[in-house]
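Please open the model in your viewer and keep the sequence panel beside it. The stops below say what to select next and what is there.

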Amino acid sequence: GGLWGTLTALSPQDWEQRQEEDTLLIERILLLVRNVLHVPPDPTEEQEGVDGDASVHDRVLWALHISGMDDLLKFLASAQVEQQWALHVLEIISLMFRDQSPEELAAVGQGTAGAEHGEDTRELETLRQRE
């Protein structure tokens, strides 16, 4: 349901036959996603969280993933007929990865960050047991 459901419920045929009002709706939803992701982190809120808690940004990204919005963004980025959305999609993707360094992203692709994450998780569990 909701905004994402409105977009993801459209089949590719519907996308090709959409009306001007549908195009405006798509643009507004993409702008909303961009604006939500553009909100800078609140340092006080991030510090108050317990170690290991997901940041607000991470929780927004998870919600976008659960809703299927990431699949929609991939469709908009790759479909030849959807080039009008390229800048919106590029900006959203850039904001999605704003807290990641290129080195971290490359390491995830090679699987090394997964091992480091497992080590971090074990250290965190050891600290929790001590407490």
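Begin by selecting Ile93, Phe97 and Leu105, which together form a nonpolar patch on the surface with about 230 Å² of accessible area. Such patches are made of residues with over 30% relative accessible area and no salt bridge, like charges being joined within 9 Å and nonpolar side chains (Val, Leu, Ile, Met, Phe, Trp, Tyr) within 5 Å. The accessible areas come from the Shrake-Rupley method with a 1.4 Å probe, and for residues only the protein chains shown count as cover. This is a predicted model, in which local features need pLDDT of at least 70 and side-chain atom pairs count only at pLDDT 80 or more, while totals for chains, interfaces and linings use all residues. Residues are numbered from 1 along each chain as its sequence is written, and side-chain values use heavy atoms, with hydrogens and water left out.

Stay with Phe97 for a moment, and color the loop between helix 7 (86–96) and helix 8 (102–110), where Phe97 lies. Helices here are DSSP runs of H or I with at least four residues, strands are runs of E with at least two, and both are numbered from the N terminus. Is Phe97 buried or exposed? With a relative accessible area of 43%, Phe97 is partly exposed, since buried means under 20% relative accessible area, exposed means over 50%, and partly exposed lies in between (1.4 Å probe, protein chains only).

Now switch to a cartoon of the whole chain, whose secondary structure comes to nine helices and zero strands. Of its 131 residues, 22% count as buried.

Next, display helix 3 (residues 20–38) and helix 6 (residues 69–78), which pack at an angle of about 120° with their axes 13 Å apart. The axes are lines fitted to C-alpha atoms, for helices over the stretch in contact, and the angles run from 0 to 180 degrees between N-to-C directions. Helix 3 and helix 6 are therefore oblique to each other, given that angles under 35 degrees count as roughly parallel, over 145 as roughly antiparallel, 65 to 115 as roughly perpendicular and the rest as oblique. Helix 3 passes helix 6 in a left-handed crossing, a term used if the near helix is turned anticlockwise from the far one by less than a right angle, with right-handed used if clockwise.

Keep helix 3 on screen and add helix 7: the axes of this pair come within 9 Å and cross at roughly 25°, so that helix 3 and helix 7 are roughly parallel to each other. The crossing of helix 3 and helix 7 is left-handed. Then hide helix 3 and bring back helix 6, whose axis comes within 10 Å of that of helix 7, the two crossing at roughly 135°. That angle makes helix 6 oblique to helix 7, and the crossing of helix 6 and helix 7 is left-handed.

The remaining stops are salt bridges. How many salt bridges does a search of the whole structure find? The search finds three, a salt bridge being a side-chain nitrogen of Lys or Arg within 4 Å of a carboxyl oxygen of Asp or Glu.

Show Arg34 and Glu91 as sticks; they form a salt bridge in which the closest N and O atoms are 3.4 Å apart. This pair links distant parts of the chain, with Arg34 in helix 3 and Glu91 in helix 7, 57 residues apart. Arg34 is partly exposed at a relative accessible area of 21%, and Glu91 is likewise partly exposed, at 31%. While Arg34 is selected, add Val89, which is 55 residues from Arg34 in sequence and 8.5 Å from it in space, C-alpha to C-alpha.

Move to helix 6 and select Asp71 and Lys74, which both lie in this helix, three residues apart, about one turn of the helix. Their salt bridge has its closest N and O atoms 3.3 Å apart. Asp71 is partly exposed, with a relative accessible area of 47%, whereas Lys74 is exposed, with 52%.

Finish at Arg98 and Asp99, whose side chains meet in a salt bridge (3.6 Å, N to O). Arg98 is partly exposed, with a relative accessible area of 28%, and Asp99 is partly exposed as well, with 44%.
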